[in-house]
Every structure is written in C-alpha cells, then in structure tokens.
Amino acid sequence: MTLTGNMFIIIFSYLDSHLHTPMYFFLSNLSFLDLCYTTSSIPQLLVNLWGPEKTISYAGCMVQLYFVLALGTTECILLVVMSCDRYVAVCKPLHYTVLMHPRLCNLLAVASWVCGFINSAVHSLFILWVPLCGHLQVDHFFCGVPALLQLSCFDTHDNEMNIMVTTSIVVIIPLVLILTSYGVIARAVLRMQSATGFQKVFRTCGAHLMDVSLFFIPVMSMYLQPPTENSQNRGKFIALFYTIVTPSLNPLIYTL
C-alpha cells in the first residue's frame, strides 16, 4: 500500500502538466521520502516476522539508524516548507508564482534533505562512541537511539536527556513554525466573506494539517518524555504507527 500509493503520487505529479506546481513538487518529495523511510526499516521487520532468526549486523544496525534519523528529520523540515508554501498560496496569492519560483522550491527541497542527513550524522556518530556490552539484544523492531542506548555499558541518563533536548529542538521549532503559518492562514480565512474561498482554503490546507498531526503527535509522544519502562514499551507501538501507518495513509489523505 505504501509503495503503490506514494509511487502513484510521484508518477502522476510528473505526468500531469497541471500538477507542475510548488505544492505537488513538495508533495512528490514527501512521497519519495515516505518510500525511503518505509524501506529503511520495514524490510528488516518483515524478515524478523518471517522466521525465528531475528538478527542484524552491527554495521547494518548503524546504517538503519542513520537513515531512520535522517529521513525523520527531513520530514520535519519538509513539512515546514510545505506549510510556508500554503501560507504564500493563501495569504499572498497574487505574488505566489513570483515568490515560489522553481529555483527557490528546488533550493528549499535540497536544504530539507541536507539538514536532515547532517543532523543524523551528528546523532549517529554520538551513538558510535557509546560502548555497547551485554547480550546486545535490541529491544525494538528497528535500530533507534533509545533502544541502542539501553545496550550501553554505563549510565546513559545524561545522554538520554541530551538527546531529548536536541530532539525537542528538531521537533518543536518546526512545529512552532507550522502552527504560526497556519495561525496567519486562519486569520486570513476569517476575513473572507466568500464561502467558496473558505472551502478552497480548507481543501488546500486540510490534507497537510492532517499529515502534520499524524507525524508530529506520535514523534512528540515517543521522544519528548523522560525514559521509563512504560514509555519504552509504548514507544514501540508509537514507532510502529509513524513508520507504517502514517506513510501508508499519506497517499490516501492527499489524493482525496
């Protein structure tokens, strides 16, 4: 479902000349990101579910960690870029084609990907420096930072708090920017006298707002809380939600 739905959006946005707009350009980037995000963790999960052998090499685990972090951070930033695009479309419609020209759109998309992979490199290097010992059993369905820190040979409370702080910066700042842009959009909508204009804005922004909710709420529930036994068990279900459910729902949300 995830592969088919997201490939459909990418191919259709490319083939239909009417969809060669900034909105569908960024949506195609999001669909490609969801394809990468799903294939970075789900194949290993399916292998683990298939038989009794549930192993992954240390190198494979680090590679998976790097791409999961990189793609997750990229999605945070890309959702901000998409909200800015919606702000310009609603609040400055006459200047939309001038402000959101193709060169700027390409620059914003590239910046989102580069920032995501740089942030992931920093976090991955931090995990590489943590000595692991014991049974080396990752208590998760993919190699994430919290699960790997549990394998450390020393007390990682300070490290966990540092990760929570840095993750909150990566998550909270984009979320604040998104809510700010939609606050301005909401104020512009309230000034509209036309019911048709209100419906058009709702169609334009509704899908993106739903996508933001499906992504940010689980991520905040998982990372922005002190680590406890209950939070670790709950985190597995939450991670399963935003790595499987959200990418598979995005094509349905946007194509409707």
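Start by selecting Cys 61 and Cys 143: both are buried (under 20% relative accessible area, where over 50% is exposed and anything in between partly exposed, using a 1.4 Å probe and protein chains only). This is a predicted model, in which local features need pLDDT of at least 70 and side-chain atom pairs pLDDT 80 or more, while totals for chains, interfaces and linings use all residues. Residues are numbered from 1 along each chain as its sequence is written, and side-chain values use heavy atoms, leaving out hydrogens and water.

Now show the sulfurs of that pair. They sit 1.9 Å apart and form a disulfide (cysteine sulfur atoms within 2.5 Å). The count by this rule is one disulfide. Its S-S torsion is about -120°, so the Cys 61–Cys 143 bond is left-handed. Colour by secondary structure next (helices are DSSP runs of H or I, at least four residues, numbered from the N terminus). Cys 61 belongs to helix α3 (58-91) and Cys 143 to the loop between α5 (102-128) and α6 (145-149), so the disulfide ties together parts 82 residues apart in sequence.

Then click on Cys 76, which is in no disulfide; the nearest cysteine sulfur, in Cys 115, is 12 Å away. Cys 76 is buried, at 2% relative accessible area.

Hop to Cys 205, also buried, at 4% relative accessibility. The closest cysteine sulfur, in Cys 91, is 8.6 Å from that of Cys 205, too far for a bond.

Definitions and conventions. Helix = DSSP H or I, 4+ residues; strand = E, 2+ residues; numbered from the N terminus.
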